[in-house]
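Good morning, colleagues. Today I would like to take us through the open and enclosed spaces of one protein and the ligand that it holds. Please look at the model now.

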Amino acid sequence: MNYLVLFGPPGAGKGTQSDNIINKYGFAHISTGDVLRAEMKNGTELGKTAKGYIEAGKLVPDDLIVDMLAKSMDEQKDAKGIIFDGFPRTVAQAKALKQMLAKRGTDVTEMINLQVDDEELIARLVNRGKTSGRADDNLETIKKRLDTYNNETAPVIDFYEQDGKLCNVKGTGSVEEIFERICQIIDKH
Ligand code: AMP
């Protein structure tokens, strides 16, 4: 089993590269953002609660996310590997993931940190907003999401560095070049 944390700021290419990893390695994929958007679409209580946070560019509270993730993981018991996309976004979530995997006698295999500078992220997200239909892909919310990332999510990098799992990957260049860098890391593990 490979438990891959695909990490990076909004717009780093986590979704795009998740698709490539799924195609090549057949891993399952858990994107907490996708699960939340599905909950919102279905009008569930969780979806209604999440909406306010998402549209304000803030993080959904840890307890809600951790419960949601535990359910998604139970649905993926037989997978060859799991890509965690957009999770963990806080150190508390990273610790919860470590505990959940420890109960299964395992741990995160590698954390791939896609590195892209803010100027490029903003350009990519504004561009994505033209077609994504996402309420949070507008300049004002994008800036808030980047602040949230820098204040609350970036410390997760230190957590994985101390845990010996951090693999930095340059997240600029062509999609294929970036994917090649990711494959080298997955193949090593
Ligand atoms: P994403 O699709 O990963 O960009 O996530 C969109 C939004 O969903 C984020 O800006 C957060 O508001 C919320 N979200 C997604 N994943 C998480 C998470 N792991 N923790 C807290 N909030 C999350």
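An oxygen atom of the ligand is 3.2 Å from an N or O atom in the side chain of Arg134, which is a polar contact, meaning a pair of N or O atoms within 3.5 Å; within protein, one must be able to donate a hydrogen and the other to accept it, and residues adjacent in sequence count only if both atoms are side-chain atoms. Taken alone, the ligand exposes 480 Å², and the protein buries 95% of that; accessible areas come from the Shrake-Rupley method with a 1.4 Å probe, and for residues only the protein chains shown count as cover.

I should say at once that this is a predicted model, in which local features need pLDDT of at least 70 and side-chain atom pairs count only at pLDDT 80 or more, while totals for chains, interfaces and linings use all residues. Residues are numbered from 1 along each chain as its sequence is written, and side-chain values use heavy atoms, with hydrogens and water left out.

The backbone takes part as well. A polar backbone atom of Lys58 lies 2.6 Å from an oxygen atom of the ligand, and a polar backbone atom of Val60 lies 3.1 Å from a nitrogen atom of the ligand.

Which residues are the closest to the ligand? They are Thr32, Arg37, Lys58, Gly86 and Gln93, out of 16 that surround the ligand, a residue being counted if one of its heavy atoms lies within 4 Å. By class, this shell has 6 nonpolar, 4 polar and 6 charged residues. Here Ala, Val, Leu, Ile, Met, Phe, Trp, Tyr, Cys and Pro count as nonpolar, Asp, Glu, Lys and Arg as charged, and the others, Gly among them, as polar. The largest share of the shell, 4 residues, comes from α2; helices (H or I, at least four residues) and strands (E, at least two) are DSSP runs, numbered from the N terminus.

Where does the ligand sit? The space that the ligand takes is the largest pocket, by the test that more than half of its atoms lie within 2 Å of the grid points. That pocket has a volume of about 890 Å³. Of the 39 residues that line the largest pocket, the closest to its centre are Lys14, Arg89, Arg128, Arg134 and Arg145. On a 1 Å grid over the protein atoms alone, a pocket is an open set of points with protein on both sides within 12 Å along at least five of seven lines, a cavity is a set where a 1.4 Å probe fits but cannot get out, and lining residues have an atom within 4 Å of a point. Points are joined across faces, edges and corners, and a volume is the space filled by probe spheres set on them. The lining divides into 11 nonpolar, 16 polar and 12 charged residues.

The structure also holds 1 cavity of 30 Å³ or more, with a volume of about 60 Å³. Its lining includes Lys14, Gly86, Phe87, Pro88 and Arg89. β1 (2–7) and α7 are the elements that give two or more residues to this lining. Pro88 lies in the loop between β3 (81–85) and α5 (91–103), and the peptide bond from Phe87 to Pro88 is cis, with omega near -5°.
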